[in-house]
Amino acid sequence: MRERHASRDARRAREFEAFVAGAGGRLLHAATLLTAEEPHANPRARRLLTLSLAQTYAGWDRLRGEDPYARTRACLAQRFAREAWHRYGALGRARPRPGGVLARLTAQERLILVLRLWEGVAEEQTAALLGLPVDRVRTICDRATATLLHPPRGPAPAPAAAEAAS
């Protein structure tokens, strides 16, 4: 009996290690995009991924044909949304400015943009995962894309004559 449990546990560990070896890099990149941290300095993303992988591992035997990547991605998205809500309220409206590429976006905009564009999750699935209407997901994704493609302009440069007079 013990040998059977040990064998099953060893198989489970090997399967999970193989999954992490194959999917860990992409999931870490998605977590880094969500947290808007720099790729070389991403402690929040690493913590988020570690907790999501731990949750996936805890339910590994109950997957029963379900895609472990999709499960981990859902855990990652839900943890990020919950953390942003608890830390900043309303999914990051008054958050500090991290330094990554997506730093101009709110946490909700980043979450939807990463799920839709980086992960390729359909609008309907994204809406179901986040508990939002499909139209709202589409609007937020469009707004986030527009913000990234057309960043707000800074103040106008001072006229040359005013600089010369100084």
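E123 is a buried residue in this predicted model, and its relative accessible area comes to just 16%. Since the cut-off for buried is under 20%, the 16% of E123 is the reason why this residue falls in the buried class. As for its place in the fold, E123 sits in helix α5, which covers residues 123–130. Setting aside the neighbours within four places in sequence, the residues in contact with E123 are R116, V134, V137 and R138. R136 can be added to the picture through a distance: 13 residues separate E123 and R136 along the chain, and their C-alpha atoms lie 9.6 Å apart.

One of those partners, R116, leads on to the packing of helices. Helix α4 spans residues 107–118 and packs against α5 at about 140 degrees, with 10 Å between the two axes. With this angle, α4 counts as oblique to α5, because angles have to be over 145 degrees to count as roughly antiparallel. The crossing of α4 and α5 is right-handed. On the α4 side, the contact is built from L111, I112, L115 and R116, while α5 brings in E123, T126, L129 and L130. Sorted by class, that makes 5 nonpolar residues, 1 polar residue and 2 charged ones. So E123 turns up here too, as one of the α5 residues that meet α4.

A second pair of helices is found towards the start of the chain, where α1 takes up residues 2–35 and α2 residues 43–58. Their axes come within 9 Å of each other and cross at roughly 145 degrees. Here, too, the crossing is right-handed. From α1, the contact draws on R12, A13, F16, F19, V20, G24, L27, L28, A31, T32 and T35. The α2 side supplies R44, A45, R46, L48, L49, L53, T56, Y57 and A58. In terms of class, the contact of α1 with α2 holds 13 nonpolar, 4 polar and 3 charged residues.

T56, one of the α2 residues in that contact, is worth a look of its own. T56 belongs to helix α2 and counts as buried, because its relative accessibility is 0%. Apart from neighbours within four places in sequence, T56 is in contact with F16, P68, R71, T72 and C75. Of these, F16 is among the α1 residues that meet α2.

Stepping back to the whole chain, the secondary structure amounts to 7 helices and 0 strands. Read from the N terminus, the order of elements is simply α-α-α-α-α-α-α. The chain has 166 residues, and 37% of them count as buried; E123 and T56 are in that group. About 10,100 Å² of the chain is exposed, with carbon and sulfur atoms supplying 56% of that area. As for contacts between residues at least 6 apart in sequence, 58% of them join residues at least 24 apart.

Note on methods: Residues are numbered from 1 along each chain as its sequence is written. This is a predicted model: local features need pLDDT of at least 70, side-chain atom pairs count only at pLDDT 80 or more; totals for chains, interfaces and linings use all residues. Side-chain values use heavy atoms; hydrogens and water are left out. Helices (H or I, at least four residues) and strands (E, at least two) are DSSP runs, numbered from the N terminus. Buried means under 20% relative accessible area, exposed over 50%, partly exposed in between (1.4 Å probe, protein chains only). Contact means heavy atoms within 4.5 Å. Accessible areas come from the Shrake-Rupley method with a 1.4 Å probe; for residues, only the protein chains shown count as cover. Axes are lines fitted to C-alpha atoms, for helices over the stretch in contact, and angles run from 0 to 180 degrees between N-to-C directions. A crossing is left-handed if the near helix is turned anticlockwise from the far one by less than a right angle, and right-handed if clockwise. Ala, Val, Leu, Ile, Met, Phe, Trp, Tyr, Cys and Pro count as nonpolar, Asp, Glu, Lys and Arg as charged, and the others, Gly among them, as polar. Angles under 35 degrees count as roughly parallel, over 145 as roughly antiparallel, 65 to 115 as roughly perpendicular and the rest as oblique.
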